[in-house]
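Thanks for coming. I will put one structure on the screen and walk through its geometry.

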Amino acid sequence: MNIILKQLTEIPSACGFEYDVIRYLRDRLKDKADHWEIDGLGNLIVRMDGGAPGPVLVASAHTDEVGFIVKKIENNGLIRFEKVGGHDNRVLPIETVDICTVNGKVPGLIGFLSCHMMKFDKVDRVRSHYELYIDVGAKDKASAEAMGIEVGDAIVWGSDYKEFGNNRAMGHGFDDKAGCAVLVKLIEETDFSKMKGTFYAVFSVQEEVGLRGARTAAHAIEADVALSIDTTAATDTFESMMDQTLCLGKGPGIKAMDFSLMASVAVRRKLQQVAKEKNIPYQVEIFTGIGTDAGELHQGHKGVPTGSISIPSRNAHTALEVIDLEDLENSYRLMQAFVLSMEDKHEFDFVK
């Protein structure tokens with residue numbers, strides 16, 4: 001699955017600019033689907049029919065990544081930019097980026113002061129992105145425009161996918177290309193004739209700016225149960241707020257709560273049950289600092305029992321996120337086991 005993840009991260013997909021990755025996923029999956037469509041917002045929805053009647057399950061992973069957008073080209077050729085999605089200003093300077101023009105990617109970097117200037121600066125001041133700029137090597141505004149750069153172009157991190165250490169990977173866009181990789185493998189390698197019910201995979205758009213794609217999908221599909229598959233922030237490093245409740249390498253998180261969702265207890269316990277039956281390691285996740293597509297899926301139609309599978313990640317929303325590839329594989333195993341375990345929609349009823 002790491003190959004799928006690498007391929008997906010090589011396709012830029014800042015929020016609102018997901019068309020290349022949606023096109024790639026459509027072309028890869030359309031011959032395996034019983035039905036597929038791309039809705040008006042851009043979500044790719046793939047339907048897989050089971051071999052017997054049963055619940056309608058919707059599982060969503062978002063295709064967009066946090067990025068930026070070109071706001072202005074200065075006369076000296078430097079680029080001003082706006083954020084698209086959640087960023088921490090502290091990690092922006094001296095990171096490489098790619099500006100996605102109609103002619104292809106233009107590499108650049110977010111500039112910053114030389115360390116030799118520190119004695120003339122307030123060293124503890126964190127600069128807003130409004131004070132920063134992207135250097136594309138242009139001599140002036142005309143040179144930048146000759147590269148194809150225009151106001152409104154998308155910008156993504158310029159880092160490359162790399163595997164390192166003990167079966168871990170670093171790169172940008174794991175949030176949520178990792179979840180997309182899980183759904184791709186699920187569609188390509190699952191015998192859905194053994195499933196009871198109907199499975200909808202939603203490759204959603206614009207999650208990082210307010211779960212927008214999931215909102216439209218939640219109202220388009222009348223689901224009996226729903227899942228999101230996304231990354232979440234690991235808490236296993238040394239910062240003072242870290243509580244060691246979600247660690248890399250200890251299995252996917254099965255969400256109980258985040259700021260967008262109180263997970264269905266029935267769905268969560270079903271995920272835990274199938275994880276135990278299949279000897280899949282897992283961690284129960286309670287983290288109020290994050291939201292996922294599940295936050296919209298559970299509010300579809302008359303309300304949908306919803307849970308979430310979380311892939312632990314370090315350095316979220318930066319140029320170099322880190323995940324454990326065994327966690328990624330176990331997230332796929334957990335999702336597949338849940339899909340094949342479904343019997344009847346009433347097993348997810350709020351009160352039985």
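I will go through the strands, one helix, the backbone exceptions, the cysteines and the empty space, in that order. Keep in mind that this is a predicted model.

Start with strand E4, residues 67-73. E4 pairs with strand E5, residues 79-84, in the antiparallel sense, and there are 6 bridges between the two. Ile73 has Ile79, in E5, as its bridge partner. The two strands make a hairpin with 5 residues between them, and within that hairpin Gly77 takes a positive phi near 95°.

E4 has another partner as well, strand E9, residues 154-157. That pairing is antiparallel too, over 2 bridges. Here Ile69 stands opposite Ala154 of E9.

Now, what else does E9 pair with? Strand E6 and E9 are antiparallel over 4 bridges. Ile99 is matched with Ile155 in E9. So much for E9; let me stay with E6. Strand E6 covers residues 96-101, and 5 of its 6 residues are buried. E6 also pairs with strand E7, residues 104-110, again in the antiparallel sense, over 6 bridges. Val97 stands opposite Gly108 in E7. E6 and E7 form a hairpin with 2 residues between them. To put the pairings together, E9 pairs with E4 and with E6, while E4 also pairs with E5 and E6 also pairs with E7.

Next, the helix I picked, H8, residues 325-341. A quick check on its length: at 1.5 Å a residue, the 17 residues of H8 should span 24 Å, and the end C-alpha atoms are 24 Å apart, so the two values agree. Of the 17 residues in H8, 13 are buried, which leaves the helix mostly covered. At its N-terminal end, Asp324 acts as the cap. A side-chain oxygen of Asp324 lies 2.8 Å from the backbone nitrogen of Glu326.

On to the backbone exceptions. As background, most residues other than glycine have a negative phi, and most peptide bonds are trans. Where does this model depart from that? The peptide bond that joins Asp175 and Asp176 is cis, with omega about 10°. Asp176 sits in helix H4, residues 174-189.

Two asparagines have a positive phi. Asn279 has phi near 55°. Asn279 is in the loop between helix H6, 265-277, and strand E15, 283-286. With a relative accessibility of 67%, Asn279 counts as exposed. Asn315 has phi near 60°. Asn315 is in the loop between strand E16, 306-313, and strand E17, 321-324. Asn315 has a relative accessible area of 43%, so it is partly exposed. Asn315 will come up again when we get to the pocket.

Cysteines next. How many disulfides does the structure hold? The count is 0. Take Cys180: the closest cysteine sulfur to its own belongs to Cys15 and is 12 Å away, which is too far for a bond, because a disulfide needs the sulfur atoms within 2.5 Å. Is Cys180 buried or exposed? Cys180 is buried, with a relative accessible area of 0%. Cys115, on the other hand, is exposed, and its relative accessible area is 53%.

Last, empty space. Rolling a probe the size of a water molecule over the atoms shows where empty space is left. At a threshold of 30 Å³ or more, there is 1 cavity. The largest cavity holds about 40 Å³ of space. Its lining consists of Val58, Ala217, Ala218, Ile221, Ala223, Ala226, Leu297 and Val304.

The largest pocket has about 990 Å³ of space. Its lining counts 35 residues, and those nearest its centre are Ala233, Phe287, Asn315, Ala316 and His317. So here is Asn315 again, the residue with phi near 60°, among those nearest the centre of the pocket. Which element gives the largest share of the lining? That is strand E13, residues 225-233, with 4 residues.

To recap the items to look at on screen: the cis bond between Asp175 and Asp176, the positive phi of Asn279 and of Asn315, and the pocket of about 990 Å³. That is all I have.

Terms used. Residues are numbered from 1 along each chain as its sequence is written. This is a predicted model: local features need pLDDT of at least 70, side-chain atom pairs count only at pLDDT 80 or more; totals for chains, interfaces and linings use all residues. Side-chain values use heavy atoms; hydrogens and water are left out. Buried means under 20% relative accessible area, exposed over 50%, partly exposed in between (1.4 Å probe, protein chains only). The expected span of a helix is 1.5 Å times one less than its number of residues. A polar contact is a pair of N or O atoms within 3.5 Å; within protein, one must be able to donate a hydrogen and the other to accept it, and residues adjacent in sequence count only if both atoms are side-chain atoms. Two strands pair if DSSP finds at least two bridges between them. On a 1 Å grid over the protein atoms alone, a cavity is a set of points where a 1.4 Å probe fits but cannot get out, and a pocket is an open set with protein on both sides within 12 Å along at least five of seven lines; lining residues have an atom within 4 Å of a point. Grid points are joined across faces, edges and corners, and a volume is the space filled by probe spheres set on the points.
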